[in-house]
Amino acid sequence: MDIDTWFKDKKNIRKSQKNYAHFDIRTDVMKSQKYIINPENISKHGFYPFIKYTLRYERYRKVNNEPEREDKERIICYSAHIDRCIYQYYSALLNERYNLRLKQDGISRVPVAYRTDLHISNIDIFREVIDVVKFLQSCYVLIGDFTKFFDRINHRYLKKQLCNLLGVSKLPADYFSVFKSVTKYNTWDLTDILALNNLPNNRRGIKMLNSKKRVLSKDAYKTNKSHIVCNDSGIGIPQGSSISACFANIYMLEIDKKISDFVKGHNGIYRRYSDDFIVVLPDENNTHEYIEQIIQLFENYKKQNLMELQPAKTQVFKLNGYKLRNIGNTFQPVLNNRNKYINFLGFTFDGNSIHIRSKTISKYFYRMRHKAIGIARKYSENHGFKGSDKLYRMYSSRGEYGKGNFFTYLRHVEEKFPNEPIGNPTKNHMVKIRRILKKNKR
C-alpha cells in the first residue's frame, strides 16, 4: 500500500471525519498521519472506551398482504476520533494482505461483504448466484445465517487467524494493541454520558451533546471512570468500529476456504455476505449427503465455539425445472421449512421469477405512508400539502435521479434483470401517495 497516497485520498479523509463528539477532540487521518504510521506510538496508545448505545430499528413482513412492523435492537459502539483513524489505517493494511490471501487460496469471490477490491453490488452477487441456479435447473440450495456473528467471535481463534495472515507466530506490539482494544474493549453507555451532561436522552439531547468539543471534560472523565465496562468474556467484537468488519472477514478465512473447496469439488458455488451465506450444488446422486456434510461442518464449528447456525434462518431448497421445494426438515427437524422461496441479499427467487423481497417493498410503503400522513395532517388551504415536494423526492420516481432514492435502486435492479417483474409492486405508487394525502388531510 502506498501510504502517502492512501492518506491523501479524499475518500479516506472524508471517511475518517465524523461530526459526533467523543472523549477526544475531532481529527482525521490526514491530520494524525505522523502519529498513526509510527508502530511504537500505536503499541503504547491508550484507546478510549467506545460510546455504546442501543439502535432500535424496524423490520417488516407481510401478513395478510399488509405490512407488519417488527421492532429490533442492536448494540452499536463508536470509537474516539483518533482511535477511529488508527482502526481505519490498520484495516487498510490488513485488507491489502487479506485480498492477496484470498487470491492465493482461490476464494477471491467467496466473501463479498466489506471488500475493498471487488467493486460489485449485492445486485451483481445475486445475479451471479441465480445465473448458476438457472443454468443447473436441477439443484440444491442451502441458505444460512450465523447467530449473533460479531457478538460470538472467539478472540483466541481471531488472534490465530491474524497471526496466520501476517505470517507471524506472535502479533507485533502495534497490531496486538489494536487487537486488544477491539476484543477486550471498554464501553461507556451513551445514556450515562447524557445524564452527566444534564441532557435529555432523546434526539435533542444527543444533538446538543454532539455540538460539544468533548463529551466530558478531562476531569469529569477521570472522576467518572466507574461507568466504564470491560468486555472480558473472551468473545465478541463491537459493531461500529472501522476495523470490526475487517476482523470478521479475517476470522472466516480458513472456514471460507474449507467450505469453498468442498463445494467447488462438487461443482457448486459458495458465497458469503457477512453472516449470511448461500451454497448451490447440482442435483446428483450424493448431493443430499453433501448438504448434510456442510451442515455437519458448521455443527463442528459450533462445538469449537467458533460460530453457530441460526435454525430459523437456515433453509435447504431443491429446484427441479421451475419447481422449488423447501426440504430443510429432511436434514434436521429444527431447520426452517416454512419459507417457500429463496431469499438472499434482499431478493426472492421462486424457481421461475426474481422479485425484490416483500419485506423491502413493505418497508418502502410503510415509510412512505408514515411520511405522507404526517404531511397530510398539516394541510392548510393557504399552503396546501407543505413538504410534499420532499415526499415525492424521497418516495416516488421523481427522486430517482439526483441524490437518488428507492426507485434509483429499482432502476439498477431492472437493468441487471430486464425480463423480471421487479417494479410491479410499486407500479401505482403515485396514485397511492395522492390517495393517502387526500384521505388523511385535515
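Reader: How many helices and strands does the secondary structure of the protein chain come to?

Author: This is a predicted model, where local features need pLDDT of at least 70, side-chain atom pairs count only at pLDDT 80 or more, and totals for chains, interfaces and linings use all residues. Residues are numbered from 1 along each chain as its sequence is written, and side-chain values use heavy atoms, with hydrogens and water left out. Helices (H or I, at least four residues) and strands (E, at least two) are DSSP runs, numbered from the N terminus. The protein chain has 18 helices and 12 strands.

Reader: What radius of gyration does the protein chain have?

Author: The radius is taken over C-alpha atoms, and the globule rule is 2.2 Å times the number of residues to the power 0.38. For 442 residues, a compact globule would come near 22 Å. The protein chain agrees with that, at 24 Å.

Reader: What percentage of the residues of the protein chain count as buried?

Author: Buried means under 20% relative accessible area, exposed over 50%, and partly exposed in between (1.4 Å probe, protein chains only). Of the 442 residues, the buried share is 47%.

Reader: Which side of α15 do its buried residues take, the same or opposite?

Author: Helix α15 covers residues 358-376. Its buried residues include I361, Y364, F365 and M368. They cover an arc of only 160° around the axis, so they lie on the same side. That arc is of the directions from the helix axis to the C-beta atoms.

Reader: How far apart are the end C-alpha atoms of α15?

Author: The expected span is 1.5 Å times one less than the number of residues. For the 19 residues of α15, that gives 27 Å. The end C-alpha atoms agree, at 26 Å.

Reader: Why is C85 in no disulfide with C246?

Author: A disulfide is a pair of cysteine sulfur atoms within 2.5 Å. The closest cysteine sulfur to that of C85 is in C246, and it is too far for a bond, at 16 Å.

Reader: Is C230 buried or partly exposed?

Author: C230 is in no disulfide, as the nearest cysteine sulfur, that of C77, is 12 Å away. C230 has 36% relative accessibility, so it counts as partly exposed.

Reader: Which residues does S353 touch?

Author: S353 lies in the loop between β11 (347-349) and β12 (354-356). At 17% relative accessibility, S353 counts as buried. Contact means heavy atoms within 4.5 Å. Not counting residues up to four places away in sequence, S353 touches T348, E420 and P421.
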